[in-house]
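Me: I'm a first-year student, and I'd like a close look at one part of this protein. Could you walk me through a pair of packed helices and the empty spaces in the structure?

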Amino acid sequence: MKHTAVAAALLSVSLLAGCRQTPTTPTTGTQTDFGVLKTLKPGVSDTINTKLKVNVVFVGYRQTPPGQVPTARQIDTQDFRDTLPATYDAVNRIPSAYGRTEKTGTSFEFDYNYVFADQAFEDDFFKFAAGAGTKATLTYQESYFNCQGVNPDTGDADCEAPAGNITRAIDPDNNIVIDALQTENWLADNGTRVGVKNGEYTVYMINWYDRPDFKFHSYARLDAKDTDTEEKFGELPNRRLSAWGGSTRAGKDAQRVWFYDLSANPDPWTTAYDVTNPDVDGDEVPDYRMPPIWEYGTRKANIGYGRKVSPDLALVTRYVAINLLFTPSPIYRAALTPPQMPDEIEVDLHVEQGAGAPDPATVLKPQLLQERVQPLQPFAKFNTTLKTTALDGSFADAYKCFFATSFEDICTFDYADIFGEPLFQASVKELRGAYKTTKPGTYRLPAYLFNDGTDSQGGLLGIAYDDGETGTQSFVYSFLTPELKEAGYGFTDTTVHEIGHHLSLSHPHDGYDSEQNVSYGPSGEFAFVNLGDQSASIMSYNDLSRTFGQFNLDSQYRYLTAAYLNNANAALESVRRAQKASAVSSAAKSADTLFTQAKTKYDALDYLGAATLAHQGYRAVIDAANAAGVKVEAYKWFENLNGLENLSLKPQAKARYSRTFLPQPGLVIFPEETAYQRKLRLMK
């Protein structure tokens, strides 16, 4: 009782004291040399953190009843809670592999929403799937699954009876193929029926198997073909799909849907049709992939033995949908030349024409290439130049060294890059010369297209090189040989892909998990992440997309928003150090308002709108700095090399390189592709 009276007396005193105080308006923002700023932080490398809702919708799955033991094909959402990340903090992967983790300035806190579709939704979806499907004969991979091998006499996947270690063979009389894009669009158009708002990031996990109307099925993009050769990659049997998403639709709001159907026929792109052999890529490490749903919980001797669907779907959600598609880390800086980002981008296409190679006009469409890459830098003016020279002399020698096949052919023993150094040095020399006549504010994007008349190498299509010093993007190299041309490839799509890398984007099959600090790709315990290629992105390896998809554009516009913010912060710090803050104060405050508005759009998932406002704010700061006599310099990696003659390997390369896609702690530079991936891509 005494304590209550004392508390009441103290409360009365505090209320009286509050009545005597003059009310004050809370200050929003921070006092700086430029005045009070709410969003800009001069001299600070900031991070835009946002809460991101992710829907996981189960279609055809049943939830484990409370207190019951989960069966092989039931879903326990606790598996997802135990597996999915709470946050993601994006980094520039290749610069970070040089020893200092470099953040993009974009981070996320995830808010997960688990939904089990009702019976009406399921009935309508599977009715759509059955109606959209067309009868299909078994592919090589589907026959291989039934036989679990090939006939040693014929080399074909044929057998008189299904293999004894599978639970169920694919029925050739009840097998259909469904258009993947139509399926994605149906799910996007009907998402509100399960409480999913248009434009939210959503994973649909599909299971048709446990229904009486089940049909064996796969998905495809049958209309997908190469831009130059019109090779119909979408019709290839190893391009059949079990997942798809990330498409853009003209006249529609952003569509952020990706589906994964474990009841589809075993996925060829992850070699899930081989459920017998633990190691399918030959590196003597077991490759974890997802068998078709009917093999889960089997007692047969295959990779489904003892497995449960629920934790595997959680793995796919984390390591594919979230880390590689929804919120990935880029490989390079989107800023290109911080802190002064370019106003114009000159795409320099150097065709190195080999004797006997096809006419460049038949394998390259320069204007279309420019139109496809421009969305990645929407505020820069693009121009493309094309120069064709003979592939001969010292440049031809440097090219040959790039593909040296024996120890005796190595050209530069003293360099970290024993194969590519001569080509890199020749390219640097040419780039330095080009910049002597380049107007300020223009960024030269040098792309060398080697049109070889001989099969001089094993099938590499292209690579986006870094500078070997800081992890800054340097050159794009694309390759075409008679063998690659015969396989259906030209230059346009390959070069768009590699320029996509140069402008920042990663593959959707390799990346980084920031909470676990691990880099990984489609090998070993992460072999299943090749599923990421089954998305609408020219950054995939399956040749089913010609443009950058919604997930690519979202990521790029987030990177750009953060880049404009942080480079404006850097420019303001240069102004402060030059003691010119008062002259730039008004522009800084106006820019601060624009960046604050940009953050609002960013949180609302309007990433292009956010980047647009951020660009305006950035330009206001740069223009004011220039007017005040403070020159904000663009970073030019080719001028900051330690002298080409001093780049020798003493005693080891600075960057952390990996020859494989096996998981590694920290940030590493993965290969453009492995021999196994190349075999998969070239398979007919």
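Reply: Here is a walk from one helix pair to the cavities and then to a pocket. Please keep in mind that this is a predicted model.

Let's start with the helices. Two packed helices are described by the angle between their axes and the distance between the axes. Helix α8 covers residues 366–373 and helix α12 covers residues 492–502; their axes lie 10 Å apart, at an angle of about 30 degrees. Since angles under 35 degrees count as roughly parallel, α8 is therefore roughly parallel to α12. Their crossing is right-handed. If you zoom in on the contact, you will find L369, R372 and V373 on the α8 side, meeting T492, D493, T495, V496 and I499 of α12. By class, the residues of this contact are four nonpolar, two polar and two charged.

Now stay with α12 and turn to empty space. Rolling a probe the size of a water molecule over the atoms shows where empty space is left. Searching the whole structure in this way turns up six cavities of 30 Å³ or more. The largest cavity holds about 200 Å³ of space, and α12 gives the largest share of its lining, with four residues. Its lining has 20 residues in total, and those nearest the centre are L461, T494, H497, S540 and D543. Sorted by class, the lining of the largest cavity has six nonpolar, six polar and eight charged residues.

The second largest cavity has a volume of about 140 Å³. It is lined by 18 residues, with L324, L325, P328, S506 and N552 closest to its centre. Both α7 (309–326) and α13 supply at least two residues of this lining, and α13 gives the most, with four. The classes here are ten nonpolar, eight polar and no charged residues.

Helix α13 also leads us to the last stop, the second largest pocket. There, α13 gives the most to the lining, with seven residues. The elements that give two or more residues to the lining of this pocket are β5 (103–116) and α13 (550–577). The pocket has a volume of about 640 Å³. Of the 27 residues that line it, S45, E102, K103, R333 and P338 lie nearest its centre. The lining of the second largest pocket divides into eleven nonpolar, eleven polar and five charged residues.

To retrace the route in your viewer, begin where α8 meets α12, move to the largest cavity, which α12 helps to line, and then follow α13 from the second largest cavity to the second largest pocket.

Terms used. Residues are numbered from 1 along each chain as its sequence is written. This is a predicted model: local features need pLDDT of at least 70, side-chain atom pairs count only at pLDDT 80 or more; totals for chains, interfaces and linings use all residues. Side-chain values use heavy atoms; hydrogens and water are left out. Axes are lines fitted to C-alpha atoms, for helices over the stretch in contact, and angles run from 0 to 180 degrees between N-to-C directions. Angles under 35 degrees count as roughly parallel, over 145 as roughly antiparallel, 65 to 115 as roughly perpendicular and the rest as oblique. A crossing is left-handed if the near helix is turned anticlockwise from the far one by less than a right angle, and right-handed if clockwise. Contact means heavy atoms within 4.5 Å. Ala, Val, Leu, Ile, Met, Phe, Trp, Tyr, Cys and Pro count as nonpolar, Asp, Glu, Lys and Arg as charged, and the others, Gly among them, as polar. On a 1 Å grid over the protein atoms alone, a cavity is a set of points where a 1.4 Å probe fits but cannot get out, and a pocket is an open set with protein on both sides within 12 Å along at least five of seven lines; lining residues have an atom within 4 Å of a point. Grid points are joined across faces, edges and corners, and a volume is the space filled by probe spheres set on the points.
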